[in-house]
Amino acid sequence: MARGQEASAEEGEMIVSHGYSFYGDLKYPADFEHYDYVNPDAPKGGEISYAALGTFDSMNPYTVKGRRGELSWIMYESLLGDGPADAYGEAYGLLAESLEYPASKDWVIFHMRPEAKFSDGTPVTAEDVMFSHNLLLEQGLPSYAAAVKKRIPRVEVLDEHTIKFYFTPGISRRSLIDQVGGVPVWSKKWFEESGARLDESRMETSPGSGPYMIDRIDVNRRIVYKRNPDYWGKDLAINQGRHNFDSIRVEYFGDDTASFEAFKAGEYTFRVEGDSKKWATSYNFPKIQAGQVVKAELPDGTPPTPSGIVFNLRREVMQDKNLREALSLAFNFEWTNESLQYNLFEQRASFSQDTPLMATGVPEGAELAFLESLGDVVPDEMLTEEARMPHSSDGSRLTDRRNLRRAMKLLDEAGWPVGSDGVRRNADGKTLSLTLLFNTAAEGTLGAILENYVNNVQTMGIDITLEKVDPAQYTLREREFDYDLVFDSYRPFLGTGTGLMQMYGSSEAAFSVFNPAGLASPMVDAIIEASLMAENTEEEETTLRALDRALRFEFFMIPVWYKADYWVSYYDQYGYPEPLPPYDLGYLDFWWYDAEKAEALKTAGALR
């Protein structure tokens, strides 16, 4: 029982635990020694290095200006740690050794570990936690602050290592305890003495309590993190077999071509490949043939990232679904996959692709009953038609004539007839002109794909420009929603949570950077609200299946492709546990360095 706190009849029984999941079903008991998938005897040492594209001008990962440095968040910890990679929706105590809350989840108390300290040796206290929570509300992303203020009205420090969060009555208890448990904790003392702001771009960083700290920074070229030799949490059960590298080095490159050449030369040692052409044709260099570099396809148990060409629904022209349908028909997945991607991909349809949450066919059973219960916000066709699937195209040619004819008709119906000069204009004589924003750091196969897509759109009489901008401009333009279309992504989902509102909800659509389309749908809102109130796993899965169906129905993105595995290549000096856990590749987390293999590579001249 909390200090001075008695549970009311409405609150119900008290729950005291070493971890948290919404339904209370934790995989690991209080006395667990390590996560099942790690190697608890993994050696410590060595370095892992990988590449980042573009530039950075800040080591403050939470700035709303500029571009943050890669991994600049790695130094900071929270009350609850990141969940294990073999269990979804669970988190275990990190800065907190335990938490307690009533069954009603009206509030939560965290009991912190008194031994926790920042890298400068100062203790991590409840005051630091409350300061960090408030700092995010005052200086963090507006979409985040707006959502949290509605749900968490009060925070109370009970003593130096005990903190209590109160939750707004009458709202869903989803993503409340895990929300406050996941807040990064910063040093109140450092911020007050330095006068630094969370929303500013700066190279100076506050001390963190995590296993890594900054070693060296060479702006726009390199960031090196080193293991904190005095890391307070190294003996915790959740940290066994993890954080195995002495250093993590990030090398920056202007584009992926330069990055790949640097990898072949041994300037960095681990690469996750995303370019199908490179994967199919370029991984035959001498070091691979000699066995010095490993090329592997490793299983990925997470649903693929919902990437695609996103329509900016904040623009009036993009409100017309017929126009969006026509623009989608210009994308030829079959030709793209065969001609540019070496038939290495499948076509994505769902926001939870290939999981039990993927909507299929016509809604029936519990899903149909749920959708009917929502009333008029659900269109009749949602109840009677099959879940939306991507169109098919003729893979033998870039321009599918059947789809082109259908697109032309849709554009006419949308009020954009084609003139004698081949250009489409509306009744006011305004040309149909669009921009597709593209980050030059992603050049390569993706650039070629989008160029071909734009060519197809232009054949319809639409004045569309593939606007290629450098990474800094791209970040700024995205934050200001300055585009008609953009190649971007959303996050897939395996469970419900208030993060769904940040991505797909109407209340934050105008300013949420997590919602590049600006989707604002009463139907989607109603489904998310119902999902947040689900009382068991079966109800949750039903609502999320309906959400996938609704998102596809609203059609704010042209879905593109996905692959079921990670494509990785690395110098043969690393080990990893087998089998890998389903929800994380974990190369910075639970892989390790093999000193003997590394020495052999250096002796052979493969690495410096």
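Which helices and which strand each supply at least two residues of the lining of the second largest pocket? Select helix H8 (321-329), helix H11 (380-384), helix H17 (537-554) and strand S19 (557-559); each of them does. Keep in mind throughout that this is a predicted model.

**Stop 1: the second largest pocket**

Stay with this pocket. Its volume is about 420 Å³. The lining comprises 28 residues, and those closest to the pocket centre are Arg388, Met389, Pro390, Arg552 and Phe555. Colour the lining by residue class. You should count 15 nonpolar, 3 polar and 10 charged residues.

Now show the side chains of Arg388 and Phe555. The charged end of Arg388 sits over the Phe555 ring, 3.7 Å from the ring centre. Both residues are among those closest to the centre of the pocket.

**Stop 2: another charge over a ring**

Move on to Lys563 and Trp567. Here Lys563 lies over the face of Trp567. The distance to the ring centre is 4.7 Å.

**Stop 3: helix H13**

Select residues 445-458, which form helix H13. Draw a line between its end C-alpha atoms: they are 20 Å apart. At 1.5 Å a residue, a span of 20 Å is what the 14 residues should give, so the model agrees with expectation.

Next, look at the surroundings of H13. Of its 14 residues, 10 are buried, so the helix is largely enclosed by the rest of the structure. Start from the N-terminal part of the list: Thr445, Leu446, Gly447, Ile449 and Leu450 are among the buried residues. Asn452, Tyr453, Val454, Asn456 and Val457 are also buried. Keep Asn456 selected for the next stop.

**Stop 4: the cavities**

How many cavities of 30 Å³ or more does a search of the whole structure find? There are 3.

Begin with the largest cavity, which holds about 70 Å³ of space. Asn456 is one of the residues nearest its centre, together with Leu329, Ala330, Thr399 and Asp400. In total, 13 residues line this cavity. They divide into 6 nonpolar, 6 polar and 1 charged. Asn456 links two stops: it is a buried residue of H13, and it lies by the centre of the largest cavity as one of the nearest residues.

Then go to the second largest cavity, with about 40 Å³ of space. Select Asn60, Pro61, Tyr62, Tyr76, Trp186, Phe191, Leu198, Arg202 and Ser206 to display its lining. This set splits into 6 nonpolar, 2 polar and 1 charged.

**Stop 5: aromatic pairs**

A search of the whole structure finds 47 aromatic pairs. Visit two of them.

Select Phe32 and Tyr35. Their ring centres are 5.7 Å apart and their planes meet at 10°, so this pair is stacked. Are these two residues buried or exposed? Phe32 is buried, and Tyr35 is buried too.

Now select Tyr283 and Phe285. The centres are 6.2 Å apart and the planes are at 45°, so this pair is tilted. Tyr283 has 7% relative accessibility and therefore counts as buried. Phe285 is also at 7%, so Phe285 counts as buried.

**Stop 6: Phe493**

Finish in the loop between strand S18 (485-489) and helix H15 (499-504), where Phe493 lies. Phe493 has a relative accessible area of 2%, so this loop residue is buried. For a last distance, add Lys189 to the selection. Phe493 and Lys189 are 304 residues apart along the chain, and 37 Å separates their C-alpha atoms.

Conventions: Residues are numbered from 1 along each chain as its sequence is written. This is a predicted model: local features need pLDDT of at least 70, side-chain atom pairs count only at pLDDT 80 or more; totals for chains, interfaces and linings use all residues. Side-chain values use heavy atoms; hydrogens and water are left out. Helices (H or I, at least four residues) and strands (E, at least two) are DSSP runs, numbered from the N terminus. The expected span of a helix is 1.5 Å times one less than its number of residues. Buried means under 20% relative accessible area, exposed over 50%, partly exposed in between (1.4 Å probe, protein chains only). On a 1 Å grid over the protein atoms alone, a cavity is a set of points where a 1.4 Å probe fits but cannot get out, and a pocket is an open set with protein on both sides within 12 Å along at least five of seven lines; lining residues have an atom within 4 Å of a point. Grid points are joined across faces, edges and corners, and a volume is the space filled by probe spheres set on the points. Ala, Val, Leu, Ile, Met, Phe, Trp, Tyr, Cys and Pro count as nonpolar, Asp, Glu, Lys and Arg as charged, and the others, Gly among them, as polar. Rings of Phe, Tyr and Trp (its six-membered ring) pair if their centres lie within 6.5 Å; planes under 30 degrees apart count as stacked, over 60 as edge-to-face and the rest as tilted. A charge sits over a ring if NZ of Lys or CZ of Arg is within 6 Å of the ring centre and within 35 degrees of the ring normal.
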